[in-house]
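Welcome! Here is a short briefing to read alongside the structure. Take a look at the model first, then work through the topics one by one.

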Amino acid sequence: MADLGLAGRKVRRRCGLTRPGKRPAAPDFVRRDFTADAPDQVWCGDMTEITTGEGKLYL
């Protein structure tokens with residue numbers, strides 16, 4: 001790699017995203033208990049970020 005003038009790329013690790021920032025955290029109505037007695041009582045979700053050549057996509 002040195003003969004070709006190439007160098008390795010250092011990947012920066014992201015900081016933790018679960019720490020509170022400037023805005024207050026959303027209330028946790030479920031209190032981390034995801035069990036339910038019947039369907040459609042408790043809903044939860046997640047957001048995923050995918051970096052593409054055209055920008056970021058959020059699912």
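Which side chain meets the side chain of aspartate 28 in a salt bridge? The partner is arginine 32, with an N to O distance of 3.9 Å. Keep in mind as you read that this is a predicted model. The protein has 59 residues, and buried residues make up 0% of them. Its secondary structure consists of 0 helices and 2 strands.

**The overall picture**

- The accessible surface of the protein comes to about 6,900 Å².
- Carbon and sulfur atoms account for 54% of that surface.
- If you go looking for a buried residue here, the share to remember is 0%.

**The two strands**

- Strand 1 covers residues 49-52, and strand 2 covers residues 55-58.
- These two strands pair in the antiparallel sense, over 4 bridges.
- Together, strand 1 and strand 2 form a hairpin, with 2 residues between them.
- To see one bridge pair for yourself, find threonine 52: its bridge partner is glycine 55, in strand 2.

**Salt bridges**

- A search of the whole structure finds 2 salt bridges.
- One of them joins aspartate 28 and arginine 32 through their side chains.
- Aspartate 28 has a relative accessible area of 38%, so this residue counts as partly exposed.
- Arginine 32, its partner, counts as exposed because its relative accessible area is 66%, and exposed means over 50%.
- Lysine 56 and glutamate 49 also form a salt bridge, and their closest N and O atoms are 3.6 Å apart.
- Glutamate 49 is partly exposed, as its relative accessible area is 30%.

**Positive phi angles**

- Arginine 32 deserves a second look, since its phi is near 60°, a positive value in a residue other than glycine.
- You will find arginine 32 in the segment before strand 1.
- Aspartate 40 also has a positive phi, of about 60°, although it is not a glycine.
- Aspartate 40 is found in the segment before strand 1 too.
- With a relative accessible area of 63%, aspartate 40 is exposed.

**A nonpolar patch on the surface**

- Which residues form a nonpolar patch on the surface? They are Met1, Leu4 and Leu6.
- Together these three have about 380 Å² of accessible area.
- Leucine 4, one of the patch members, lies in the segment before strand 1.
- Is leucine 4 buried or exposed? Leucine 4 is exposed, because its relative accessible area is 70%, and the cut-off for exposed is over 50%.

**Phenylalanine 34**

- Phenylalanine 34 is found in the segment before strand 1.
- Its relative accessibility is 49%, so phenylalanine 34 counts as partly exposed. That value is not over 50%, which is what exposed would require.
- Try locating cysteine 44 as well: along the chain, phenylalanine 34 and cysteine 44 are 10 residues apart, and their C-alpha atoms are separated by 8.0 Å.

Notes: Residues are numbered from 1 along each chain as its sequence is written. This is a predicted model: local features need pLDDT of at least 70, side-chain atom pairs count only at pLDDT 80 or more; totals for chains, interfaces and linings use all residues. Side-chain values use heavy atoms; hydrogens and water are left out. Buried means under 20% relative accessible area, exposed over 50%, partly exposed in between (1.4 Å probe, protein chains only). Accessible areas come from the Shrake-Rupley method with a 1.4 Å probe; for residues, only the protein chains shown count as cover. A salt bridge is a side-chain nitrogen of Lys or Arg within 4 Å of a carboxyl oxygen of Asp or Glu. Patches are made of residues with over 30% relative accessible area and no salt bridge: like charges are joined within 9 Å, nonpolar side chains (Val, Leu, Ile, Met, Phe, Trp, Tyr) within 5 Å. Two strands pair if DSSP finds at least two bridges between them.
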